[in-house]
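Work through the exercises below with the structure open beside you. Try each task before you read its solution.

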Amino acid sequence: MDKDKLILIDGNNVIYRAFFAMPPLTNTAGQQTNAVYGFTTMLLRLIEEHKPTHLIVAFDAGKVTFRHEGYQDYKGGRQKTPPELSEQFPLLKDLLKNLGVPQYEIVNYEADDIIGTISREADEAGREVMIVSGDKDMLQLASDHTKIALIRKGVTEIELYGPEEIRSKYDLTPEQIIDLKGLMGDASDNIPGVPGVGEKTALKLLAQFGSVEGVIAGTGELKGKMKEKLETHADDAVMSKKLATIFREVPLTHSWEDMKFSGLKSDTAGPALAKLEFKSLLERLNLSGHAPVDGEVAAPAPELDIVIAAGGSELDAAVAALPEVKALHVETYGDNPHRSEVIGVALSTPEKHYFVPFETLKSGEAEALRAWLADEKSPKNGYDLHRADLALHWQGIPFAGAVHDVQLAAYLLDPTEANQNLSDLVAKYGLPHLAADEEVFGKGAKYKVPELAVLGAHVAAKSAAVLGVVPKQEQDLADTAMLKLFHDLEMPLSRILADMEKQGILVNQDGLKELGREFERTIAGLVEQIYEIAGTEFNLNSTKQLGEILFDKLGLPVVKKTKTGYSTDAEVLEKLAPYHDIVQMILQYRTIAKLQSTYVEGLLKEIAPSTGKVHTFYRQTIAATGRLSSQFPNLQNIPIRLEEGRKIRKVFVPSEPGWSILAADYSQIELRVLAHISDDARLKDAFLHDMDIHTKTAMDVFGVPAEAVDSNMRRSAKAVNFGIVYGISDYGLSQNLNITRKEAAKFIDAYFEVFQGVRRYMDDIVKEARKAGYVTTLLERRRYLPEINASNFNQRSFAERTAMNTPIQGTAADIIKLAMIHMDRALFERGLKSRMLLQVHDELVFEVPEDELEIMKTLVPEVMEAALKLSVPLKAEVSYGSDWYEAK
DNA sequence: TTAGTCACG
DNA sequence: ACGTACGTGACTAAA
């Protein structure tokens, strides 16, 4: 008979975390169930992996606890529980009952106190205990028999802490965790601590003095501000310590027997999960359909059959298995894939998994494997194959044949979910647990490649995970009508992006340095004058110091505040300019300093020594609307609006002598898309006649002929058009045009009076989002808007504007992506040497040999305009020159 | 690490 | 009454 093992779960804490970590799942009745779902997956995993004999979920009961008796503000300032979450408490409690999981609450006590008391008793009886919570305070309960499972990253990962782990991480004993809190406080519980003392300082003090009491007694040994603070706030520290101390003497009414857990209650668990529509959990527990249930949780996944193929017969076996390989994972290290190390490659067949270390992969022995990697006809599934392609490329190993990229599919299935890693996906689909990379490699500076066996096992587990996730995603993509978008647009685009990035764009390094010297001189002059006027030298880049000069010293009026002090942004400075000459100079300084640091120095750092080019990295899985983003360097925000900055574009030049840079951009693509999807007669008409859309808008809104539209009217109309695309609000427009909200509202009314089709679209799309929970683009790209029904006005309004904007911005993104695919094919089919280099949302940039200039001048706009047939024409304008500046 | 600022579409 | 325009990434200061 195994030893008893008790798991104690901090119910309130875990459901809270689950709520914020999980996407806003709702059942068909419209009831939000995400927190219950997250909680349940976590619970089932704990049961599977740790097989407790005893189990209890503790909840807070009632609003006032004994802690409030001593300190009124305890947990004051904490946000009210959102109704979307509080509604889920009864669901969870009901489900736990049906699963046969004991739960416990005692009026006037918090879950921590219940857990503290039970764990003390269990500890005293020598029983093994595991406490599950996201709250670091729990660490104070750790002991030889009691481990704390801290939830990390949503609810998918746990980190186990015993006294040993606490010592190695903080150099503290479990008891000292309370002292730590006493000194540093806890904003979320409104525990004050000592102001100015954070984690680092607190740890230092405790290392020296041992406890809060020790620190207070020892202030004599300290000096300066620190001493003063600790002396004045000694009482706060003592009180904070008391508040942070978990009470371990709650009068319990539950006995050890009451906490016994002997498996899920099979008769009621199935129906309860089915009622919540947790299909994947039902499957995981084999409770779906009429499959026999035995009350046991599904067995953990069988161990993977892993072969470390570092050469010899193991490598031969891996090569022999290639025709059967259904998934791979290329493990890399580094944020920038152009400069990443390759650690190794794992290959998965349904039966076996092979890990080939990089040393082996690049050796003469692995030629057959490299040929397979390069073979377009050998289909590959994996996670972030775009990154793999680039990392391998710079190691001289070509990669081709990507069919299903799990990261990309996950993005389409929920584009708002940030950076979904394989561990998350595996958990989401109820597949066998996959350790997080951080657990295996450590994070940040602590990154370390583990020994071969551990490394191989982990990377192989990743490719095995891909194997499991792919069919689930294919099903999900089919269910959401995004299969075509995935296989015909995003996957092919991924390869094209990689090609563009490898190609890179040449930078005239000398030209850039010369520009830097010019900026340097301007900056030096400005700085000198500013110091002179200010009467003192200070750090111009510090908003804090600048604020002190402007508002305290020079006494300029405070226009706007930030949460940390005075606001000094450009909008504020523009308003202050009439008061003092220094302001204009500061604005000028800001402009040039930005150019210098970001675009001269920043860009110089990104030039690859081997090519003299910059190789950006387009991220295809970031923007919620379907746009790309660009990194290392960002080439989508190179200055253009102001002449000083625009000059930066002169340094982007063709990579071959005699070639040209050719740029083509869509004209008003978003408003054209709006004309199409809103089917607004007047807007469509304007584009069918290829009119100046802002002038036309001014004519219609002000009811005047073209001759009567002055520049001011056109400017207002332009702002309204922008507002329409963004999901207009009177406030936003009023800010933009510097008019009152009333006037802005009148503008908007006048606009909608004329463009009634647009009004109908805006109304309908919000209704649709409310009903379906998501909006889509023309190519069925989807974005969920859970907050569209939120009770909070701000959240709801934001979701409404997003509902209006996303189909427009997203469809424009779809269109240019299509154009890129068609353009890539056109270049290939015609055997042209011209190369597509950059995409800037509505613009494509090429480098073109002399003898292809004529054809490209017509081909590029033709292809862009034909990318997708709308009810209004698309228009692309082309230009070219000796560099990106001239291509205007 | 977070906040403020500013570059782009 | 609420208090915002939509979508990104890079740099700097200051903790």
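**Exercise 1. A bridge partner**

Which residue in strand 2 does Ile-9 stand opposite?

*Solution.* A word on the source first: this is a predicted model.

Step 1. Find the strands. Strand 1 covers residues 5-10. Strand 2 covers residues 54-58.

Step 2. Check the pairing. Strands 1 and 2 run in the parallel sense, joined by 5 bridges.

Step 3. Read off the partner. Ile-9 faces Val-57.

**Exercise 2. The surroundings of strand 2**

Say how strand 2 is covered, and find its link to strand 3.

*Solution.* Step 1. Count the buried residues. In strand 2, 5 of 5 residues are buried.

Step 2. Sort the side chains by direction. In a regular strand, side chains alternate between the two faces of the sheet. Here His-54, Ile-56 and Ala-58 point one way. Leu-55 and Val-57 point the other way. Residues of both sets are buried.

Step 3. Turn to strand 3, residues 103-104. Strand 3 runs parallel to strand 2, with 2 bridges between them. In this pair, Ala-58 stands opposite Tyr-104.

**Exercise 3. A four-stranded sheet**

What is the strand order in the open sheet of 4 strands, and why do strands 7 and 8 each have one side without a neighbour?

*Solution.* Step 1. Write the order. The order is 7-10-9-8, and the pairing is mixed.

Step 2. Look at the ends. Strand 7 (306-308) and strand 8 (327-333) are the edge strands. Each has a single partner strand, so one side of each has no neighbour in the sheet.

Step 3. Add the twist. From one strand to the next, the twist averages 20°.

Step 4. Take strands 8 and 9. They run antiparallel and share 7 bridges. His-329 stands opposite Ala-346 of strand 9.

Step 5. Move on to strand 9 (residues 341-348) and strand 10 (residues 353-357). They pair in the antiparallel sense over 5 bridges. Leu-347 has Tyr-354 as its bridge partner. Ser-348 is partnered by His-353. The two strands form a hairpin, with 4 residues joining them.

Step 6. Check the cover. Strand 9 has 7 of its 8 residues buried.

**Exercise 4. DNA strand B**

How many residues surround DNA strand B, and which are the closest?

*Solution.* Step 1. Count. There are 23 surrounding residues. The closest are Thr-568, Lys-594, Ile-640, Arg-641 and Asp-842.

Step 2. Split by class. The surface has 7 nonpolar, 9 polar and 7 charged residues. Helix 27 (residues 581-606) contributes the most, with 3 residues.

Step 3. Look at the DNA side. Of the strand B atoms within 4 Å of the protein, 77% belong to sugar or phosphate. The rest belong to bases.

Step 4. Pick out polar contacts. A backbone N or O atom of Lys-563 lies 3.2 Å from a phosphate oxygen. A polar backbone atom of Thr-568 is 2.7 Å from a phosphate oxygen. The side chain of Lys-594 has an N or O atom 2.8 Å from a base oxygen.

**Exercise 5. DNA strand C**

Which helix gives the most to the surface near DNA strand C?

*Solution.* Step 1. Count the surroundings. DNA strand C has 37 residues around it. The closest are Ser-542, Ser-629, Tyr-731, Phe-793 and Arg-801.

Step 2. Name contributors. Elements with at least two residues each include helix 25 (543-553), helix 32 (711-726) and helix 36 (793-829). Helix 36 gives the most, with 6 residues.

Step 3. Split by class. The surface divides into 11 nonpolar, 19 polar and 7 charged residues.

Step 4. Look at the DNA side. Within 4 Å of the protein, 59% of the strand C atoms belong to sugar or phosphate, the rest to bases.

Step 5. Pick out contacts. The side chain of Asn-539 has an N or O atom 2.9 Å from a phosphate oxygen. For the side chain of Ser-542, the distance to a phosphate oxygen is 2.3 Å. An N or O atom in the side chain of Arg-741 is 3.2 Å from a base oxygen.

**Exercise 6. Ser-879**

Is Ser-879 buried or exposed?

*Solution.* Step 1. Locate the residue. Ser-879 lies in strand 25 (residues 876-881).

Step 2. Compare with the cut-off. Buried means under 20% relative accessible area. Ser-879 has 15%, so Ser-879 is buried.

Step 3. Find a contact. The Ser-879 side chain reaches the backbone nitrogen of Lys-888 at 3.4 Å.

Terms used:
Residues are numbered from 1 along each chain as its sequence is written. Chains are lettered from A and ligands numbered from 1 in the order in which they are written. This is a predicted model: local features need pLDDT of at least 70, side-chain atom pairs count only at pLDDT 80 or more; totals for chains, interfaces and linings use all residues. Side-chain values use heavy atoms; hydrogens and water are left out. Buried means under 20% relative accessible area, exposed over 50%, partly exposed in between (1.4 Å probe, protein chains only). Two strands pair if DSSP finds at least two bridges between them. A residue is near a molecule or strand if one of its heavy atoms lies within 4 Å of it. A polar contact is a pair of N or O atoms within 3.5 Å; within protein, one must be able to donate a hydrogen and the other to accept it, and residues adjacent in sequence count only if both atoms are side-chain atoms. Ala, Val, Leu, Ile, Met, Phe, Trp, Tyr, Cys and Pro count as nonpolar, Asp, Glu, Lys and Arg as charged, and the others, Gly among them, as polar. Axes are lines fitted to C-alpha atoms, for helices over the stretch in contact, and angles run from 0 to 180 degrees between N-to-C directions.
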